[in-house]
Structures are given as C-alpha cells and as structure tokens.
Amino acid sequence: MIRCGAAEADITPLPGPVLQGHWSTNPSHSVLYPLEVRAVVFEQDGTRVAIATLDVIGVTAETTARIRERVEAACGVAGEGVMVACSHTHCAPAALPSLGMAPPDGWMERIEEETVGCIARAAALLQPVTFGVGCGSVHFNISRRPLPNTSGMALNHGAIVDRRARVLRVEGKDGRPVAVLFHYSCHTTAKSGSEGYISPDYAGVARRVIEERLGCKALFLAGCFGNIRAAIVSETGGFGSATEEQLDEIGGELGSEVCRVAGSLRTRPGIELLSRCRKLEVPFGELDPEEKLREMAGDTTSDRGRLLTGSWARKVLEMIRTGTVPERKPTEMQFMRVGPLACMTIPGEPAQEIGHAIEKRLRSEVDAEDIWPVGYANDEVGYLCTERHHKEGGYEPNAYPYYGEPARFKDEERVILETAEALVKG
C-alpha cells in the first residue's frame, strides 16, 4: 500500500521588494494573503516521491537541483523523484532572472530552506492512503490570444480554453483526506502585481477554502495556461486587475468546486508509484535581423520595456560578434505516477493547446485514470507555443527577450511531445 504525508511552510517576505511579472517598479507595500509551500511525500516498498508547490513565479533548473540534492540527503527521496511545481503568481518577489530582475537578497535561500524542510516534515508523517480522482468545471478563465488582425491580448471567447477543475483526493485510514491535489489552467494574474499586494492570487484563495472545509493540505498544480487568463474585465473592455472581492470570488469558486468533487469521490488503494526525468533541448529559431537589433540597442528611451529590450539586443549582438549564440536551450521534463494519477511536467509557460496535445498523445500509452500536464515545474525557460501561435504572432511567441533568450523557440511542441512519449515508455 502507498503511504503519504503532507506538510506546509510559510515563505511570505516582508513588503518592499518589487513583485515580478508585470511592468512595474513600484515596491510592494502589504501582504494580502501569505505566500506558502505545500508538500506531499508518497512511499511504497522503499520508493519515495515528493511534490512541493511554491507560491512563486517560477524556479530555475539550478534551484530545483539544489532542492533535490538537499531533499535526498534529508529524507531519502531520490533527486528525480522530487517535483518543484510553481503557482506562477505575479504577486511575489522575483525568483527568476527575467524582466531585468533578480531575486532579493536571501529570498531564494529562504525558499529552498523552507521547501526542503517542508518535504522532510511530510516524509515524517507517512500513513497508509487510498486515492480518488475526479473532475469538475470552473468558468472564470479565458484565452488571451489576439483577435483576428490584431496583436494585443484580448478576451478571446472563440479560442481554446480548458475549464476542468481536476482533483486527486488522498485519503487516510480514518476516511479523512490527508491531502487534495487540484489542477486548473489559468494564469495566476487575476490581480496585478503592480498594485503592490503580496499574494498567491486565486490559487491561494482556493487552497485556503479547501483546507478550511476539508481539514487537509491542498496543493495547486498549474495547467498549461501560457495563453490563458482570468476574465477580469476593465472599464474599457480589456483585461483588468481584480479587486480583493473579485479575487476572493474566483478563488472561492475554484476552491468550492474542488471541495464538491473531492467530497463525492470514493477512494481505493493505489498500485503504481514512480518518477523519472529526461533531459531535452528546445531549439532556437532565427535571430532577429542585425539591423533591428542595432536599432533596439541604440534606443535611449526611458521606458522600462525599451530599456530592457535595448540591453537584451546588445547582449545578442555580442553573442553574434563572439560566435557564442546557442542553438538550443537545455532543460528537463518529468513523468510522475502516483496511484491512479499521471503527471507530466513542462519546464516553462506552455500554451493550452500543448497540454491537450500531451493528453491526447499519452492517453493510449498510460493506463492512469487521468493525466495532468503540469506547467511551471522544475525549470522556467519561457513561453512554449504552437506553430500556429508563431505564425499568428502576439505576446507569447515574442516574449523571448524578457527571458533573456537570443531568439524565439521553434518546434517546441514537437520536442515536448516526443520527450513526453519517451518518458512514459521509460
């Protein structure tokens, strides 16, 4: 029988740092809701796997490697058995070297320390469990892809969106849940970080609702929502920033639906427990023309976005001059099986369509009751788009300068799908 333990930790910083994810230089001024870590550890016949969920915008592969090394020493979970999954909230201090930002002093060290400790405490609380998988629906998310003949983000009612609220109930012998894992596809940007409120966004509100009602730990796993956003409408008809009441409303809607589904599930013992990782390299496409790069490099406008792209263009020009332009971006994917659930991590901001493609490709290869593509896990390499998105343009395919990459990716969907299939086959 599989055993499980769950634990929590607090990583809320003091207000002050600028929050990462929106174009703002305003310091944070208050905590709306705490930033937290949740961890579950599963064990069967000496094999252990761990999932840690963090209220940060993302982590680098280097951060994940350090956490894995320390976890293996602390509680015997092998490195490839540890998943570090991020909520991608834009209302936390910088955790990535993107948007021209760097983490505040001591912030990443604290995150790593608390995550390792949280996993270790979960490993000390193992008890026999059974599992139930289910699915509901929540409807506050919408595609943000440009409308025809436009290039900006828009509330696109005609584009693909996944409104499933997916649930794994992990139940102890007493019939009470030890943990609930839930999965939803919507950028955790309902409230803009530029307003200065530290918060895990709607995912944290949902987590609080679940934990209060069910009396267990709740872990949010991000879906493929690189091009999906909360349908908060501004006065001008575009995307707006949620009020506190709106944030509570949509987070409460998700949390309530997860509780409804979790409460209806009958559980049974899990059989499989495994985790494995595989390296992959995502190829870069063509560089921007040197004339365009030189123009961007010479732009002295004080606008923050132009300052950032100007600095980026100078770095790319230096790569060209020295012959050091990389051809590929190295990263990893992870396949984890926990009883009836299979998870496939994607190391960046995957488009909704890539998540659907992973599920379709793996459905005949995996005998799990459900397959969750988990974005923003173990590494953060930027937006991962489909070929159609590259042809259409818009924000996501063109955001590579903000991640410091020399060019947009190409063929990323194919590479991700091939890696996912190879991971499943072992």
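This tour moves through a predicted model, stop by stop, with a selection to make at each one.

The model is predicted: local features need pLDDT of at least 70, side-chain atom pairs count only at pLDDT 80 or more, and totals for chains, interfaces and linings use all residues. Residues are numbered from 1 along each chain as its sequence is written, and side-chain values use heavy atoms, with hydrogens and water left out.

**The pockets**

Begin by selecting G21, H22, H90, Y383 and Y395. Among the 21 lining residues of the largest pocket, these are the closest to its centre. A pocket is an open set of points, on a 1 Å grid over the protein atoms alone, with protein on both sides within 12 Å along at least five of seven lines; lining residues have an atom within 4 Å of a point. The largest pocket holds about 320 Å³ of space, where volume is the space filled by probe spheres set on the points, and grid points are joined across faces, edges and corners. Its lining comprises 10 nonpolar, seven polar and four charged residues. In this scheme Ala, Val, Leu, Ile, Met, Phe, Trp, Tyr, Cys and Pro are nonpolar, Asp, Glu, Lys and Arg are charged, and the others, Gly among them, are polar.

Next, select A159, E353, R388, H389 and E392, which lie nearest the centre of the second largest pocket, itself lined by 17 residues. The volume of this pocket is about 280 Å³. Helix α8 (residues 387–392) gives the most to the lining, with three residues; helices (H or I, at least four residues) and strands (E, at least two) are DSSP runs, numbered from the N terminus. The lining of the second largest pocket has five nonpolar, eight polar and four charged residues.

**The cavities**

How many cavities of 30 Å³ or more are there? The count is three, a cavity being a set of grid points where a 1.4 Å probe fits but cannot get out.

Select Y383, E396, Y400, R408 and F409 to reach the largest cavity; of its 15 lining residues, these lie nearest the centre. The space inside is about 110 Å³, and the lining divides into nine nonpolar, two polar and four charged residues.

Keep Y383 and E396 selected and add R145, N227, H389 and P397; these are among the residues lining the second largest cavity. This cavity has about 40 Å³ of space. Both β16 (349–350) and β18 supply at least two residues each to its lining.

**The loop between β17 and β18**

Select D379, in the loop between β17 (370–374) and β18 (383–384). D379 is buried (under 20% relative accessible area, 1.4 Å probe, protein chains only). D379 has no salt bridge (a side-chain nitrogen of Lys or Arg within 4 Å of a carboxyl oxygen of Asp or Glu). The nearest side chain of opposite charge, K329, is 6.3 Å away; Lys and Arg count as positive and Asp and Glu as negative, while His and the chain ends are not counted. Draw a distance from the D379 side chain to the backbone nitrogen of A61, and the value is 3.0 Å.

N378 is found in this loop as well. Its phi is near 70°, a positive value in a residue other than glycine. Most residues other than glycine have a negative phi. N378 is buried, at 1% relative accessible area.

**Last stop**

Finish at H88, in the loop between β5 (82–86) and α2 (107–123). The phi of H88 is also positive, near 70°, and H88 is buried at 0% relative accessibility.

How values were computed. Buried < 20%, exposed > 50% of the residue type's maximum accessible area, 1.4 Å probe, protein only. Polar contact = N/O pair within 3.5 Å; in protein donor to acceptor, adjacent residues only side chain to side chain.
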